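Work through the exercises below with the sequence and the model open beside you. Try each task before reading its solution.

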There are 2 protein chains.
Amino acid sequence: MPQITDAPANSFKRSACPLANSLEIFGDKWSLLIVRDIYFGKHRYNDFAQSPEKIPTNILAERLRKLISHGIIQKVPYQQRPVRYSYELTEKGEGLLPIIREIVNWGQSHIEGTRMMKRKQAEEVT
Amino acid sequence: MPQITDAPANSFKRSACPLANSLEIFGDKWSLLIVRDIYFGKHRYNDFAQSPEKIPTNILAERLRKLISHGIIQKVPYQQRPVRYSYELTEKGEGLLPIIREIVNWGQSHIEGTRMMKRKQAEEVT
């Protein structure tokens, strides 16, 4: 059986590959859409829930927790009693934008009829 | 309720966003690892199965089918009786490489201890 010779024991779930470990964090259908939404100016739980892709709220809550735990987004209270949070990209989260841009380029080139939501449209649908 | 004003009716599962539609195709923990493997010179089913991340074979079979159906990879018979296939990237599949590079950059910058498998290492573990 092949050995995982390039990963220190126990330090990585699958391998030391930066691609594999990154996908472990945001390799799903939703995480990067949340990052997109924040970049587009959405910052609240209900804003994300109302995006056109209609993320199920249980998945949304889980993804927000995961992205926070990996330091990609942070939540900042903007109101007390009841406390309400605004979700912001960290520097690490902003580092995902070049990935999103490349995916958008690929999608526009290879999936007919797709088009980037403009910031204005993104706001209209909230 | 907000309307999906920017997507023609019935044409997209979630929205017309190129990011959402791209993630519908390869937004998972495995698809881009298969593309990585082919780029690294692996071309056979067993090669993918033996990569360090140990993709479960049922998931591998499903992902290969999906990537073929979207024109990202193609399978070419290299042997008859029994027929055996080599998996190759199409031009559309090669278009994913800039995305992979950006993810690798992000992973190397933000996940401590990750390192890119070299082509030689990739071959050794098969």
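**Exercise 1.** In which loop of chain A is the place of A:Pro82?

Solution. A:Pro82 sits in the loop between strand 1 (73-79) and strand 2 (84-89) of chain A. Helices (H or I, at least four residues) and strands (E, at least two) are DSSP runs, numbered from the N terminus. The model is predicted: local features need pLDDT of at least 70, side-chain atom pairs count only at pLDDT 80 or more, and totals for chains, interfaces and linings use all residues. Residues are numbered from 1 along each chain as its sequence is written, while chains are lettered from A and ligands numbered from 1 in the order in which they are written.

Next, look at the bond before this proline. The peptide bond from A:Arg81 to A:Pro82 is cis, with omega near -5°. In chain B, a cis peptide bond joins B:Arg81 and B:Pro82, with omega about -10°. B:Pro82 lies in the loop between strand 1 (73-79) and strand 2 of chain B.

**Exercise 2.** Describe the backbone and the surroundings of B:Arg81 and B:Lys54.

Solution. Start with the general rule. Most residues other than glycine have a negative phi, and most peptide bonds are trans.

B:Arg81 has a positive phi of about 45° although it is not a glycine. Its place is in the loop between strand 1 and strand 2 of chain B. B:Arg81 counts as exposed because it has 5 C-beta neighbours inside 10 Å. The scale is this: a residue is buried if 20 or more other C-beta atoms lie within 10 Å of its own, exposed if 12 or fewer, and partly exposed in between, with C-beta atoms placed from the backbone.

For B:Lys54, phi is near 55°, again a positive value in a residue other than glycine. B:Lys54 is found in the loop between helix 3 (45-49) and helix 4 (57-69) of chain B. B:Lys54 has 14 C-beta neighbours inside 10 Å, so it counts as partly exposed.

**Exercise 3.** List the elements of chain A, then say what share of its residues is buried.

Solution. Chain A has 7 helices and 2 strands. From the N terminus on, they run α-α-α-α-β-β-α-α-α. Of the 126 residues in chain A, 37% are buried.

**Exercise 4.** Which residues of helix 1 of chain A are buried, and what covers them?

Solution. Helix 1 of chain A is mostly covered, with 8 of its 9 residues buried. The buried residues are A:Pro18, A:Leu19, A:Ala20, A:Asn21, A:Ser22, A:Leu23, A:Ile25 and A:Phe26. Their cover includes helix 2 of chain A, together with helix 2 and helix 6 of chain B.

Now take one of these partners. Helix 1 (residues 18-26) of chain A and helix 6 (residues 97-110) of chain B pack at an angle of about 85°, with their axes 8 Å apart. Therefore helix 1 of chain A is roughly perpendicular to helix 6 of chain B. Axes are lines fitted to C-alpha atoms, for helices over the stretch in contact, and angles run from 0 to 180 degrees between N-to-C directions. Angles under 35 degrees count as roughly parallel, over 145 as roughly antiparallel, 65 to 115 as roughly perpendicular and the rest as oblique.

**Exercise 5.** Work out how helix 6 of chain A lies against helix 6 of chain B, and which residues meet.

Solution. The two axes come within 9 Å and cross at roughly 170°. Therefore helix 6 of chain A is roughly antiparallel to helix 6 of chain B.

On the chain A side, the residues that meet the partner helix are A:Pro98, A:Ile99, A:Glu102, A:Ile103 and A:Trp106. On the chain B side they are B:Pro98, B:Ile99, B:Glu102, B:Ile103 and B:Trp106. Two residues are in contact if their C-beta atoms, placed from the backbone, lie within 7 Å.

By class, this contact has 8 nonpolar, no polar and 2 charged residues. Ala, Val, Leu, Ile, Met, Phe, Trp, Tyr, Cys and Pro count as nonpolar, Asp, Glu, Lys and Arg as charged, and the others, Gly among them, as polar.
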